[in-house]
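Hello! Please open the structure below and keep it in view while you read. My notes on what turned up follow straight after.

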Amino acid sequence: MRGPRLPAWTATLTWKSACFIVVMCCALAAVLGALVHVEVTRQTVQTARDKALAKLTLASQAYEAGEALPPGSGIDPDGLPPSLRALALGGLRGTMVDDFRGAPTMWAAAPADGRALAATIDYGQSARTISGLDNAIIGSSVLAIGGTLLLGAFAVTRVTRRLHLTAQVARRISAGDLDARVADPRTKDPSRHQDEVATVAGALDTMASTLQAKLLSEQRFTADVSHELRTPLTGLTAAAELLPEGRPTELVRERVRTMRQLTEDLLEISRLDSGREQVEADLHPLGEVARRVVRASGTATEVVVVRDVYVETDRRRLERVLGNLVANAHKHGREPVSLTVDGPVVSVRDHGEGYPPYLVAHGPQRFRTEPKAGVSGHGLGLTIAVGQAGVLGASLVFRNPDSGGAEAVLTLPAPVDPAPGA
């Protein structure tokens, strides 16, 4: 059985460091306090014992000389601890601390003709000294723990602040902001020694710069190839139209159309990669947009409108996303294919073999498709759909339902006004 769930702040480095500092300071204060207490108590008790025994020696000398005993000594005095009395009657000398008339007293006793000769000295001052020492140890320990905790929290907070900044920059990079950098000053000044946090920050900045350079190079290559292919493809299209009708001509025209579509897809991906796409938003009924996409596709796709809504979006981009999803379902899946509108959520479902595991886990990848008999593709349709969905501020996920098939779910931003009579 699992215990209660701890608050999230208990997992922070600051909290863990504070706990470690407090535990270590408490342990150190306890050990040092115990050692000081034991040593001072031993010395204080030994001093009091020596004084009591010295007074007992004077009392013994007076007793043997038949003289009056000094003050604070006597034969079998009242208040003598029984254990110390028994020790003296047994012929031994000893000392003992005990309360006498409400005050701590050091007793010393020795045998005297079958009785107990005892002497006392005030132990109150020694007891107060030990008590004051204990209070001083506790007070100084509390102050030391508090001071150490404040200094430790200050030092740890500086480190955690830098770690949070590094993590924030890493999240910005993963979100597509390739210009984000930590720019830790310790990494720019070679005269300053770098700590582990600065090393991590420098490695992250280097990785981001390298990644940015590679992506920019890939984007330029894609854009350049697409633009360079447009001119010869235009000539090929015109030349193909001049060929005599026949099967070879149809094959040539089909290949040219495929190349033109591939070039247009590459150009669209290049524009999406640049991050400079502008959205022309307006209010549109989502159900009507879905029906328009299916009519334009010319496929036998069932449109199911559970709950229609008006969404503020770029209709051209939304139709591009839904059109690619429907085309992919018919090309790589099996009928029946359905497009369902349920509020701002649009799903495209087929009953084929489902999406490949890599696509469900990591999303579509360019020029990567699962080989199937009689089916070919470049993996750009779903890539464009994901890119255009991102421009619209929508999320697009791919999953394989338990009942089989493949399903793409597009979730648009919150609707503006529900459409009447869905």
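Let's begin with one residue: Phe-398 has a relative accessible area of 8%, so it counts as buried (buried means under 20% relative accessible area, exposed over 50%, and partly exposed in between, using a 1.4 Å probe and protein chains only).

Before going on, a word on the source. This is a predicted model, in which local features need pLDDT of at least 70 and side-chain atom pairs count only at pLDDT 80 or more, while totals for chains, interfaces and linings use all residues. Residues are numbered from 1 along each chain as its sequence is written, and side-chain values use heavy atoms, with hydrogens and water left out.

**The whole chain**

The protein chain holds 10 helices and 12 strands (these are DSSP runs, H or I of at least four residues for helices and E of at least two for strands, numbered from the N terminus). Of its 422 residues, 34% are buried. Among contacts in the chain with a separation of 6 or more, 62% are between residues 24 or more positions apart (contact means heavy atoms within 4.5 Å).

**Aromatic pairs**

How many aromatic pairs does the count come to? The count comes to two, where rings of Phe, Tyr and Trp (its six-membered ring) pair if their centres lie within 6.5 Å, with planes under 30 degrees apart called stacked, over 60 edge-to-face and the rest tilted. Phe-100 and Trp-107 form an edge-to-face pair, because their planes are at 80 degrees, with ring centres 5.2 Å apart. Trp-107 is buried, at 2% relative accessibility.

Tyr-355 and Phe-398 have ring centres 5.3 Å apart and planes at 80 degrees, so this pair is edge-to-face. It links distant parts of the chain: Tyr-355 sits in the loop between β9 (345-350) and α9 (357-362), and Phe-398 in strand β10 (residues 395-399), 43 residues away. Tyr-355 has 10% relative accessibility and counts as buried.

**Helices that pack together**

Two packed helices are described by the angle between their axes and the distance between the axes. Here the axes are lines fitted to C-alpha atoms, for helices over the stretch in contact, and angles run from 0 to 180 degrees between N-to-C directions.

Helix α1 (residues 13-64) and helix α3 (residues 124-174) cross at roughly 160 degrees, and their axes come within 8 Å. Therefore α1 and α3 are roughly antiparallel (angles under 35 degrees count as roughly parallel, over 145 as roughly antiparallel, 65 to 115 as roughly perpendicular and the rest as oblique). Their crossing is right-handed (the near helix is turned clockwise from the far one by less than a right angle; anticlockwise would be left-handed). By class, the residues in the contact of α1 with α3 are 17 nonpolar, 12 polar and one charged (Ala, Val, Leu, Ile, Met, Phe, Trp, Tyr, Cys and Pro count as nonpolar, Asp, Glu, Lys and Arg as charged, and the others, Gly among them, as polar).

Next come helix α8 (residues 315-332) and helix α10 (residues 381-391), which pack at about 150 degrees with axes 9 Å apart. Hence α8 and α10 too are roughly antiparallel to each other. The crossing of α8 and α10 is left-handed. Residues making this contact include Arg-317, Val-321 and Leu-325 of α8, with Ile-384, Ala-385 and Gln-388 of α10. The contact of α8 with α10 has seven nonpolar, four polar and two charged residues.

Gln-388 also appears in another finding: its C-alpha atom is 9.3 Å from that of Ile-269, although the two are 119 residues apart along the chain. Ile-269 belongs to helix α6 (residues 247-274) and is buried, with a relative accessible area of 3%.

**A buried strand residue**

Thr-313 is part of strand β7 (residues 309-313), and its 3% relative accessibility makes it buried. Beyond neighbours within four places in sequence, Thr-313 touches Glu-280, Ala-281, Asp-282, His-284, Leu-318 and Leu-392.

**Backbone details in the loops**

Which peptide bond is cis? The bond from Glu-335 to Pro-336 is, with omega near 5 degrees, and Pro-336 lies in the loop between α8 and β8 (337-342).

Positive phi also turns up in residues other than glycine. Asp-76 has phi near 45 degrees; it is in the loop between β1 (73-75) and α2 (82-89) and is partly exposed at 28% relative accessibility. Arg-101 has a phi of about 60 degrees, sits in the loop between β2 (94-100) and β3 (103-112) and is exposed, with a relative accessible area of 77%.

Happy exploring!
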